[in-house]
Amino acid sequence: MASWRLITIAAQFACECGDWAAICRASHGSGCGGCGERLVIVVQSGLMSGDVTRWSSNAGRWAGSYDDRWAQLIAQGDNIHGEADFVESLRLAAPMTVLDAGCGTGRVAIELARRGLTVVGVDLDAAMLQQARDKAPHLEWIHGDVVDVDLGRRFNVVVLAGNVMIFLAPGTEAAAVANMASHLEPGGVLVAGFQLRAGGLDLADYDRYAAQCGLTFAGRWATWDRQPFVGGSYAVSVHRLASPA
Ligand SMILES: C[S@@+](CC[C@H](N)C(=O)[O-])C[C@H]1O[C@@H](n2cnc3c(N)ncnc32)[C@H](O)[C@@H]1O
């Protein structure tokens, strides 16, 4: 996408693991409280091209240290694989095929592969993706944009973990959902976990984007371990592509 847009000037607290601070605590539990001590202010402003994501505008800061945060959480005894647990539990096929969309450094994809699932990771950030490749050269990593990448195949699950939906380039959310839906097998599910914050992507819009491309709402939780969603600041949403009758 070549167009340029003026993005909103914004300053926001973020934590070292790349999730916005509030959701970091909500999605990773109390074990991530350390992030509260390491908050920084991320300022986004100025002109941004359509193919620059909210993530890439901060990429220099995140790529080198993204995995450090997960390593710290592991050292604290936290489970950093809630997303993998969730995806594995869907048991839609054997073996189940998963597209880790916005895979970053491969945290989710590598764990799913370790558990025997067939995974492909796609990400637009070359530095993040290189770390994934370095850690798991035997897996398939694609440098691409979830908005328009065409992998030429379909998956039982497409998972957008780690707030990918709110790191997309502004205005590309519906196209990303549609393109990821086009990579689903009939009966497959689109799974996305992202923070809900004022002025950000809301669930009504997300559900509408999913419905526009033929997906049916299949469930929503507050956490990856399926705590009930009662209107909090984070949601894990599942939408299904219908199976043929
Ligand atoms: C917070 S990281 C999450 C990484 C990984 N899913 C995880 O949970 O550890 C967000 C990722 O979304 C990716 N991303 C944002 N917009 C994207 C796009 N349009 N296409 C592909 N990846 C994108 C970023 O490059 C970044 O790696």
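I count two strands as paired if DSSP finds at least two bridges between them. Helices (H or I, at least four residues) and strands (E, at least two) are DSSP runs, which I number from the N terminus.

**Entry 1: ground rules**

I am working on a predicted model, in which local features need pLDDT of at least 70, side-chain atom pairs count only at pLDDT 80 or more, and totals for chains, interfaces and linings use all residues. Residues are numbered from 1 along each chain as its sequence is written.

**Entry 2: the chain as a whole**

I noted 9 helices and 11 strands in the chain. For burial I place C-beta atoms from the backbone and call a residue buried if 20 or more other C-beta atoms lie within 10 Å of its own, exposed if 12 or fewer, and partly exposed in between. Buried residues come to 42% of the 245 residues. For contacts I require the C-beta atoms of two residues, placed from the backbone, to lie within 7 Å. Of the contacts in the chain with a separation of 6 or more, 69% are between residues 24 or more positions apart.

**Entry 3: strand β11**

I looked up β11, residues 234–241. It is largely enclosed by the rest of the structure, because 7 of its 8 residues are buried. Which strands pair with β11? Strand β9 (residues 184–195) does so in the antiparallel sense over 7 bridges, and strand β10 (residues 215–221) is joined to β11 by 6 bridges, also running antiparallel. In the β9 pairing, Val-189 stands opposite Arg-240. From β10, Arg-220 stands opposite Ser-237.

I then checked Arg-240, which lies in β11. It counts as partly exposed because it has 19 C-beta neighbours inside 10 Å. Leaving aside neighbours within four places in sequence, I find Arg-240 in contact with Gly-187, Val-189, Leu-215, Thr-216 and Ala-218. Its C-alpha atom is separated by 9.9 Å from that of Asn-156, 84 residues apart along the chain.

**Entry 4: nonpolar core**

I define a nonpolar core as a set of buried Ala, Val, Leu, Ile, Met, Phe, Trp, Tyr and Cys residues joined through C-beta atoms within 7 Å. The largest has 56 residues, and Val-98, Val-159 and Val-191 have the most contacts inside it. β9 gives the most to this core, with 6 residues. I listed what Val-159 touches, not counting residues up to four places away in sequence: Glu-83, Val-87, Val-98, Asp-100, Ala-101, Val-108 and Val-191.

**Entry 5: helix α5 and Ala-132**

Is helix α5 (residues 107–114) mostly covered or mostly open? I find it mostly covered, with 6 of its 8 residues buried. These are Arg-107, Val-108, Ala-109, Ile-110, Leu-112 and Ala-113. What covers them includes the helices α3 (66–75), α4 (82–90) and α6 (126–135), along with the strands β5 (97–101), β6 (118–123) and β8 (155–160). Just after α5, Gly-116 takes a positive phi of about 100°.

In helix α6 I picked out Ala-132. Ala-132 is buried, with 23 other C-beta atoms within 10 Å. Ala-132 and Gly-106 are 26 residues apart in sequence, and I find 4.7 Å between them, C-alpha to C-alpha. Apart from neighbours within four places in sequence, Ala-132 is in contact with Cys-103, Thr-105, Gly-106, Gly-121 and Trp-141.

**Entry 6: ligand shell**

A residue is near the ligand, in my use, if its C-beta atom, placed from the backbone, lies within 6 Å of it. Of the 21 residues around the ligand, Thr-53, Gly-102, Gly-104, Asp-125 and Gly-162 come nearest. The elements giving two or more residues to the shell are α5 and α7 (164–167). I sorted by class, with Ala, Val, Leu, Ile, Met, Phe, Trp, Tyr, Cys and Pro as nonpolar, Asp, Glu, Lys and Arg as charged, and the others, Gly among them, as polar. The shell has 11 nonpolar, 6 polar and 4 charged residues. Where does the ligand lie with respect to domain 1 (4–75) and domain 2 (82–241)? It lies between them, because both give residues to the shell. The domain bounds come from an automatic or database domain assignment.

**Entry 7: backbone oddities**

The loop between α4 and β5 holds Arg-91 and Pro-95. The peptide bond from Ala-94 to Pro-95 is cis, with omega near -5°. Arg-91 is not a glycine, yet I find a positive phi of about 45°. Arg-91 counts as exposed, with 9 C-beta neighbours inside 10 Å.

Asn-163, in the loop between β8 and α7, has a positive phi of about 70° although it is not a glycine. Asn-163 is buried, with 24 other C-beta atoms within 10 Å.
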